[in-house]
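Please open the structure in your viewer and keep the sequence beside it, so that each selection can be found in both places. The tour goes step by step, with something to select at every stop.

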Amino acid sequence: MDVRVRHANILEDLPQDMLVEILSRVDQNSFAQLFMVKLVCKAFWKLSDDALVYKRLSFDRWCILPWGNHKLADIFISSMYFRNPNAIFRYGLRAYFDSKYPDVGLHLLEEALNMQLKEACYVYGLVMFVSL
């Protein structure tokens, strides 16, 4: 009797949209985890570039804007492109207080506020209060 054991293959057994959902939740708390997931295999590298992953990525442990590191800056810019509320908030915060682009900054802060980001609500409220 020939019994063959079939090993599970997550890439073949799960639909791509479910894998992206899983990856987006793994990466949610740390950009370091995003890099580790990308290094697992080529398929994970490709799936980790999905819009949902960038939209859910948290920037809580980042400095305000990571322009000194090109890899981190690329992740940040991709997150802005895919409408990540935290990335929009951080860019708006810098643009407003940099005083070169206060109108753009205020618009981005308002956009993050409309995306229900708590920090944006606080900062936008303070800015509106002070500007009265």
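What follows is a short walk through two loops and a pair of helices in a predicted model.

Begin by selecting residues 70-81, which form α6, and residues 85-97, which form α7, and then look at the loop between these helices, where you will find Arg83. Most residues other than glycine have a negative phi. Arg83, although it is not a glycine, has a positive phi of about 65°. Its relative accessibility is 33%, and because exposed would require over 50% and buried under 20%, Arg83 counts as partly exposed.

Next, keep α7 selected and add α8, residues 102-114. How do these two helices lie relative to each other? Their axes come within 7 Å and cross at roughly 155°, and because an angle over 145 degrees counts as roughly antiparallel, that is how α7 and α8 are described. The crossing in which α7 passes α8 is left-handed.

Now show the side chains where the two helices meet: among the residues on the α7 side are Ile88, Phe89 and Leu93, while those on the α8 side include Leu106, Leu109 and Glu111. Taken together, the residues of this contact divide into twelve nonpolar, two polar and one charged.

Finally, move on to the loop between α8 and α9, the latter being residues 118-130, and select Gln116 there. Gln116 is not a glycine either, yet has a positive phi of about 70°. Is Gln116 buried or exposed? With a relative accessibility of 68%, Gln116 counts as exposed.

Terms used
Residues are numbered from 1 along each chain as its sequence is written. This is a predicted model: local features need pLDDT of at least 70, side-chain atom pairs count only at pLDDT 80 or more; totals for chains, interfaces and linings use all residues. Side-chain values use heavy atoms; hydrogens and water are left out. Helices (H or I, at least four residues) and strands (E, at least two) are DSSP runs, numbered from the N terminus. Buried means under 20% relative accessible area, exposed over 50%, partly exposed in between (1.4 Å probe, protein chains only). Axes are lines fitted to C-alpha atoms, for helices over the stretch in contact, and angles run from 0 to 180 degrees between N-to-C directions. Angles under 35 degrees count as roughly parallel, over 145 as roughly antiparallel, 65 to 115 as roughly perpendicular and the rest as oblique. A crossing is left-handed if the near helix is turned anticlockwise from the far one by less than a right angle, and right-handed if clockwise. Contact means heavy atoms within 4.5 Å. Ala, Val, Leu, Ile, Met, Phe, Trp, Tyr, Cys and Pro count as nonpolar, Asp, Glu, Lys and Arg as charged, and the others, Gly among them, as polar.
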